[in-house]
Amino acid sequence: MPEITYINQDAITVVGIATKVNLMTNDIADTVRKYFSEVNTKIPHSINPNITYGIYTNYKNDITGKHSEYTYLIGEKVNSTNDISPELTNIILPEQNYVKFSATQHNVSDVWKNILTTNELNRSYIADFEVYDTENMTL
């Protein structure tokens with residue numbers, strides 16, 4: 001299990017594109033490709049265009065109680081949602097305490113496996129998010 005760090009995160013607004021994900025469809029990779037090829041340069045009021053957020057939210061349970069459907073949004077932190085085009089959507093991550101995990105681009109899936117199997121986290125399932133410095137990584 002990676003080291004657990006607790007942080008208090010102020011509310012932030014992220015603008016980008018979203019997709020619904022369920023057990024039958026997983027369009028995250030296609031959504032990420034579309035974001036970097038068509039969308040990321042079109043987000044107005046971006047605070048730092050080199051920082052990209054991947055957000056998992058709107059979790060829905062199946063009959064077994066497992067989260068079988070959710071929304072994935074990829075985008076950038078903004079200081080205003082004025083003038084965003086209809087193809088974009090936004091989400092506000094609320095101010096709250098979060099658990100922070102650090103990963104490299106080589107072990108992200110291992111970190112997620114640990115998060116998903118650790119019972120001690122007491123997750124709220126409001127939103128989980130990843131933060132990437134895209135200026136310093138290979139996509």
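Contact, on this tour, means heavy atoms within 4.5 Å. Keep that in mind as you click around, and remember that this is a predicted model.

**Stop one: the whole chain.** Show the protein chain as a cartoon. You should find two helices and seven strands. Trace them from the N terminus and the order reads β-β-α-β-β-β-β-α-β. Now colour by burial: of the 139 residues, 34% count as buried. Switch on a surface, and the chain exposes about 8,800 Å², with carbon and sulfur atoms supplying 47% of that.

**Stop two: the main core.** Select Tyr56, Tyr70 and Tyr72. Within the largest nonpolar core, which has 19 residues, these three have the most contacts. Next, highlight the elements that give two or more residues to this core: strands E2 (12–22), E3 (51–61) and E4 (67–78), plus helices H1 (28–39) and H2 (108–117). Which element gives the most to this core? Click on E4, which supplies four residues.

**Stop three: Tyr72 and its neighbours.** Zoom in on Tyr72 and show what it touches, skipping residues up to four places away in sequence. Ile17, Ala18, Thr19 and Val21 are on the list, and so are Ile28 and Val32. Gly54, Ile55 and Tyr56 complete it.

**Stop four: the other core.** Apart from the largest core lies another one, of nine residues. Select some of its members, including Tyr53, Ile55, Leu73 and Tyr98.

**Last stop: back to the full view.** Zoom out and think about who touches whom along the chain. Among contacts with a separation of 6 or more, 78% link residues 24 or more positions apart.

Terms used
Residues are numbered from 1 along each chain as its sequence is written. This is a predicted model: local features need pLDDT of at least 70, side-chain atom pairs count only at pLDDT 80 or more; totals for chains, interfaces and linings use all residues. Side-chain values use heavy atoms; hydrogens and water are left out. A nonpolar core is a set of buried Ala, Val, Leu, Ile, Met, Phe, Trp, Tyr and Cys residues joined through side-chain atoms within 4.5 Å. Buried means under 20% relative accessible area, exposed over 50%, partly exposed in between (1.4 Å probe, protein chains only). Accessible areas come from the Shrake-Rupley method with a 1.4 Å probe; for residues, only the protein chains shown count as cover.
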